[in-house]
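Okay, thanks for making time, everyone. I'd like to walk you through one model today, so let me put it up on the screen.

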Amino acid sequence: THARLVVDPAFVVGPVRRRTFGSFVEHLGRSVYTGIHDPGHPTADADGFRGDVIELVRELGVSTVRYPGGNFVSGYKWEDGVGPQGERPTRLDLAWHSSEPNTVGLDEFVRWARKADVEPMMAVNLGTRGVAEAIELLEYSNVDGGTQLSEQRRANGSDSPHAISLWCLGNEMDGPWQTGHKTAAEYGRLAAETARAMRQIDPDLELVACGSSASDMPTFGAWEHEVLTETYELVDLISAHIYFAEHDGDLASFLAAGVRMDSFIDSIVATADAVRAAGKHSKRIHISLDEWNVWYQDRAESRPPSGTDWPVAPVLLEDRYTVADAVVVGGLLISLLRHTDRVHAASLAQLVNVIAPIMTEPGGRIWKQTTFHPFAQASALARGVVLHTALEVPTYESARYGTAGFVDSVATWDAESGDLVVFAVNRGIEDAAELAVDLRIEGLELVEATSYAHDDPYWAATVDDDTTVLPRANVTAALDGARVTVTLPPVSWNVLRLR
Ligand code: AHR
């Protein structure tokens, strides 16, 4: 396979946004309890937060963290999670058929977020609750003091307001599995009135309306249209969720996941802009891709407990990721970056233990999944602006997602530091790809080229071995004048850095 990429700094899509590198902590399985919070762990701080997890969250380069759900939020009473520990109730969590001890709540999460140096992205419950509880939560969280709820926060130990700017108006309200699931008309009205009331407290909040929970939802498109027609002037972003898995051994389709991501984003943009035109609006609605990842939903570990079993923090959704999964994650990051003009926020779902790049043993070791690496590299190295690039590449037909290039790539350019970074995946299963990058920038030198690949694309990291496959120097990379050439191994994620 031969591919040619032309990179010209004059053609800019938009800024690299830190919020593209967000993630997600839900009260689900071992994400919170024995994940970020594990008071008995040797590295735990006074609040019970694991220091080793915080360290890896920083290394991963996470910007925002969405909280507390997910499906969990649609039955959640935020008041249960604040105040003296001894007075917090244990409740049934219907979403994950678990018990929620409420040891960690809003105040603890915000403290964790400050320590991990991430921005909290908070969700309100629009499943079992509504406008009143949303504005009460906002008052508790963001008002300085002088009111009952803000003073309650101060008495609970958070003197300064939490100053949370980014808020999700519910979660996946289009999904029949959601507690308090609604039609688009019902949800659109509720989201509009919730947004209106929240803005009476703070007009500058950034509000996310629920879009579709998958690209193949029967209401996809129509849902966004109706919800945005109700909420257009009251919200800033529409959410989108998408998960991928390899089905029936069809690796070629799985590796083409980015093609579906591209068309998913393009369809949401088209729908939002159609509502803009029909409503004679001038602002644009942007996308919060606030759940995306590889997730093997059909596997047993994705099934919640049942019957009378309501455990605290059960093992749930603890997918083990392969090299191929990491290459797909890298390909999805390429798609998100390419759409930086309209995707203004994104969250890898999730962060710790639950479909996560970071895994922990209760009270014990911590380890990195394969998917950690493309995310960490992209977050660390994508800077400045995303460039429109021209890519000539042979294609193949994938059964699920149609025509896909054997190589996909995106480039970022930081005029200040002079850093040009090219991220590329090779979707070829058998063949290496020869990539030539023609640079329309003078005087660059090759700083580094790395590839993440393995002879066995199904190699998966474990608690005993998470280092056999790491991004390693690609010695085939060479710069000749204004052209870089590099051989991309089959099923690989690659990074070229020039300055
Ligand atoms: O991330 C796991 C679950 O996936 C979330 O709770 C839900 O929003 C989505 O369906």
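Start with helix 10, residues 372-381: this helix lies across strand 17, strand 18, strand 20 and strand 24, and runs at about 20° to strand 24. Helices here are DSSP runs of H or I with at least four residues, strands are E runs of at least two, and both are numbered from the N terminus. The angles, on a scale from 0 to 180 degrees, are between N-to-C directions of lines fitted to C-alpha atoms, for helices over the stretch in contact.

Quick housekeeping. This is a predicted model, where local features need pLDDT of at least 70 and side-chain atom pairs count only at pLDDT 80 or more, while totals for chains, interfaces and linings use all residues. Residues are numbered from 1 along each chain as its sequence is written, and side-chain values use heavy atoms, with hydrogens and water left out.

Now, the sheet. It's an open one of 10 strands with mixed pairing, in the order 21-20-24-18-17-14-1-19-23-22; two strands pair if DSSP finds at least two bridges between them. At the edges, pairing on one side only, sit strand 21 (472-473) and strand 22 (478-480). Helix 9, residues 323-338, packs on this sheet too, touching strand 1 and strand 14 among others, with its direction at about 130° to that of strand 18.

Look at strand 1, residues 2-15. It runs antiparallel to strand 14 (385-392), with 7 bridges, and P15 has V385 as its bridge partner there. With strand 19 (433-439) it runs parallel, through 6 bridges, and R4 stands opposite A436.

So what about the domains? The domain assignment, which is automatic or from a database, gives domain 1 (2-10 + 385-498) and domain 2 (18-381). Their C-alpha centres lie 30 Å apart. The contact, meaning heavy atoms within 4.5 Å, takes 41 residues from domain 1 and 36 from domain 2.

Which residues touch the most other members of the largest nonpolar core? They're W112, L289, W292 and F423, out of 132 residues. A core here is a set of buried Ala, Val, Leu, Ile, Met, Phe, Trp, Tyr and Cys residues joined through side-chain atoms within 4.5 Å, and buried means under 20% relative accessible area with a 1.4 Å probe, protein chains only. Helix 9 gives the largest share, 11 residues. Both domains contribute residues, so this core lies between them.

Terms used
Buried means under 20% relative accessible area, exposed over 50%, partly exposed in between (1.4 Å probe, protein chains only).
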